[in-house]
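Student: Could you walk me through one part of this model up close? I'd like the contact between the domains, and then whatever else fits around it.

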Amino acid sequence: MKVEAKLEFQTSTAPKTGADLLIELLLEEGVDTIFGYPGGAVLPIYDAIYRAKNSIKHVLFRHEQGMIHAAEGYARITGKPGVVIGTSGPGATNLVTGITDAMMDSLPLVVFTGQVARTVIGTDAFQEADIMAITTPITKHNYQVQSVADLPRIVKEAFHIATTGRPGPVVVDVPKDISSEILTEVVKDVNIHLPGYQPTYKPNPMQIKKLSESIPKAKKPVILAGAGVLHSHASKELTAFAEKHQIPVVTTLLGLGSFPADSPLSLGMGGMHGTYAANMALYECDLLINFGARFDDRLTGNLKHFAPFAKVAHIDIDPAEIGKNVPTQIPIVADAKVALMELLKEAEKSPDCEKWREKLNQYKNDYPLWYELDPSGISPQWLIQAIHKVTNGDAIVATDVGQHQMWAAQYYTFNKPHRWITSGGLGTMGFGFPAAIGAQMASPESTVVAIVGDAGFQMTLQELSVIYERNLPVKIIIVNNGALGMVRQWQELLYDNRISESLLHTQPDFVKLAESYGIRGAKIDNQEELITSLPELMAHDGPVLIDCRVLQQEKVFPMIAPGKGLHEMIGVKPQ
Amino acid sequence: MKRIISLTVQDRSGVLNRVTGLLQRRQFNITSISVGAAETEGVSKMTLVVDVEDDQRLEQVTKQLNKQIDVLKVSDITDKAIVARELALIKVASSPQLRSEINGIIDPFRALIIDVSKDSLAIQITGRPDKIDALIDLLRPYGIKEIARTGLTAFLRGHQPQTTELSASFLLK
Ligand SMILES: Cc1cc2nc3c(=O)[nH]c(=O)nc-3n(C[C@H](O)[C@H](O)[C@H](O)COP(=O)(O)OP(=O)(O)OC[C@H]3O[C@@H](n4cnc5c(N)ncnc54)[C@H](O)[C@@H]3O)c2cc1C
Ligand SMILES: Cc1ncc(C[n+]2csc(CCOP(=O)(O)OP(=O)(O)O)c2C)c(N)n1
């Protein structure tokens, strides 16, 4: 009896470190998964993870870039922050691409980096990198913990900042002496103190009124739906609003799924590789209502020709986005969902725009997306349609960057929100496959397909180990054209077919590669085989890699060449 | 166009870096910047003089600054009733014979001689930058050895006459 009491006494007073406190704080924030990679400066944190291993899941990736893209995929699907832990120096610098990607695409991440001890910061100590300076321009905010007493407040603030307002990445740099400090007392009940940070969620009623009054006056109204609609979980409200007033909807690349693509009001994606109908609607409209899109240049084309006849209303949670690229007559700083709810109440009268809808339907019928099906091989567009069919259009689709990304956007008709993961703003090759892993971890029951290029896949394929180890049934489909396809396309079209360093003359045997990781692999190079084996491969209870050989010469069309306006699309019809 | 932007910021490490980095990245030229403690503990005041092409760019820079978590308040005070001062230290070559002549020059500027050596004088002047520029021009013939300027610091006067609001202000905190 006595011995037992003594043991109990011992555990409850076992020394607790700054790192233990950090893990406790993460648990209090509801963190269930850590995407991490250890190293010298985070050894104390890993020791705390060891002690807490029954209460928190840590997933060891094989490269810090892979793990942070996985955290982005997780964040995109759940809306919860992806939590990343990396070591100082090279661990931290390996995270830089992912942090920038999350900043560009407004994804909530809380990234903990180890740092050398406070006593040697600034001395070029072993594995010291000035990650604060490096990440200042690529984070929503960053902190270096200066005292363990600040840790509870900083962690709370970091999660708050990452997930509220316009989401984004927050870096917390933790010196090693702080994570290893033995704590004597801990004050955890702290309040966040952010007087300079008060995101606006509720729209100004005057502006809502102004917009409501403009709607019935419009003859050619169009809605642009961006990722902001998805961040605010407002697809239902958006759909109700568009249907109530019968206003056609264009989505951005990152807004795919925010409005059902099969709705008669849907015009599809706008922009560089958008549909003719969507781009002509943006060009000809007299009222453009933008919900949560930041008027990126891939969407707008040459700004001189963007919505030149329109009154522009822009609903965005970030005031700095309004008027940044496009002059805006009705600025509305608000959460998309809150604004839509107000508009559903306020905007009573609908526009009379039957003719406009007819015209746009005519465009849709006359200039649909097209490709020439070549029976001698696999057309990549057809491949995407086949994937759509086999997955009932219900999979979570993550892509890498390049031609396959555009084809996935064009041909995997997204009817539901939160099914689409892609790197839009930074266009990061190597993003797709690890992002799919994060999505599969977030949504174990869903079919998750990673549609990747043969070049981009080779940038982060080491994470095959993770899907094997955890038996994550991600389906990897390599759209293998033996080329840096998007680069090859631009060289063919814009550089007079001077194909400079954009062909991959050697490739690994992807099937053997998969097998060497313990994963089922298959190579498909003709239509028949695809039709017969794709359903079975996709139904396989575990991860699969499919090396799908597609026609190299295929190009993404239609297209707006750089510098051109929305009305100057090329490749809108077969030649 | 030159604009005077007044910033109230949390006195946290990295905030200066964030502000100057942002201006550089968004391609705004900083003419001068001055920083110091404000009336509240833990809060600093920064005065920026920036060169901006047009109102739209100006609006963008103020919004981007406002977005920073540690920035509490941003105001473009160029067109407001303000008091604005800069301090400059000017070291001029001078023999004892020239001293009274130089005194005569600086006197109307209410500048002070704060250090004297065998062959030079140190002059302190406070005022608006154009006034400082004017004095420097007058002293140049004597041989200027060194100049150190603080950059402009400024705030609003106690009383503001009614003026039209800036186009940018509708979205500012
Ligand atoms: C090869 C390639 C080709 C591309 N081609 C195209 C193309 O043809 N068409 C295209 O559209 N894009 C294209 N892109 C993507 C493009 O670069 C941009 O990433 C994309 O247009 C941005 O979409 P977005 O503005 O909807 O999303 P984001 O860039 O994520 O912006 C979201 C906006 O929503 C706001 N927001 C966030 N939360 C909320 C909220 N709760 N309420 C309200 N607002 C909120 C944010 O402040 C932000 O302004 C391409 C990218 C690549 C790599
Ligand atoms: C990290 C990175 N490097 C370079 C690029 C430029 N880039 C954009 S698309 C592309 C080609 C991608 O080739 P692949 O992955 O095979 O896809 P495909 O275009 O053939 O579908 C390149 C090199 C990029 N976006 N990201």
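Tutor: The centres of domain 1 of chain A and domain 2 of chain A, taken over C-alpha atoms, are 39 Å apart. This is a predicted model, in which local features need pLDDT of at least 70 and side-chain atom pairs count only at pLDDT 80 or more, while totals for chains, interfaces and linings use all residues. Residues are numbered from 1 along each chain as its sequence is written, chains are lettered from A and ligands numbered from 1 in the order in which they are written, and side-chain values use heavy atoms, with hydrogens and water left out.

The bounds, from an automatic or database domain assignment, put domain 1 at 2-191, domain 2 at 205-366 and domain 3 at 380-549 of chain A. Where domains 1 and 2 meet, 8 residues of domain 1 are in contact with 7 of domain 2 (contact means heavy atoms within 4.5 Å). Together they bury about 630 Å², with 53% of that from carbon and sulfur atoms; buried area is the accessible area (1.4 Å probe) that two parts lose on being put together, summed over both. On the domain 1 side, Arg76(A), Asp105(A) and Arg166(A) supply 61% of the area buried against domain 2, more than any other three residues.

Now for the ligand. Ligand 1 is surrounded by 36 residues, each with a heavy atom within 4 Å of it, and the closest are Ala227(A), Thr252(A), Arg294(A), Asp316(A) and Asp335(A). For polar contacts (pairs of N or O atoms within 3.5 Å), an N or O atom in the side chain of Arg294(A) is 2.5 Å from a ligand oxygen. A polar backbone atom of Ala227(A) sits 2.8 Å from an oxygen of ligand 1, and a backbone N or O atom of Ile317(A) is 3.3 Å from a ligand nitrogen. The protein covers 96% of the 990 Å² of accessible area that ligand 1 has on its own (Shrake-Rupley method, 1.4 Å probe). Helices H11 (227-231), H14 (297-300) and H18 (403-411) of chain A each give two or more residues to the shell, and H11(A) gives the most, with 3; helices are DSSP runs (H or I) of at least four residues, numbered from the N terminus.

Last, the other chain. Here 21 residues of chain B are in contact with 26 of chain A, burying about 1,700 Å² between them, 51% of it on carbon and sulfur atoms. Arg12(B), Arg18(B) and Ile69(B) supply 38% of what chain B buries against chain A, more than any other three residues.

Technical notes:
A polar contact is a pair of N or O atoms within 3.5 Å; within protein, one must be able to donate a hydrogen and the other to accept it, and residues adjacent in sequence count only if both atoms are side-chain atoms.
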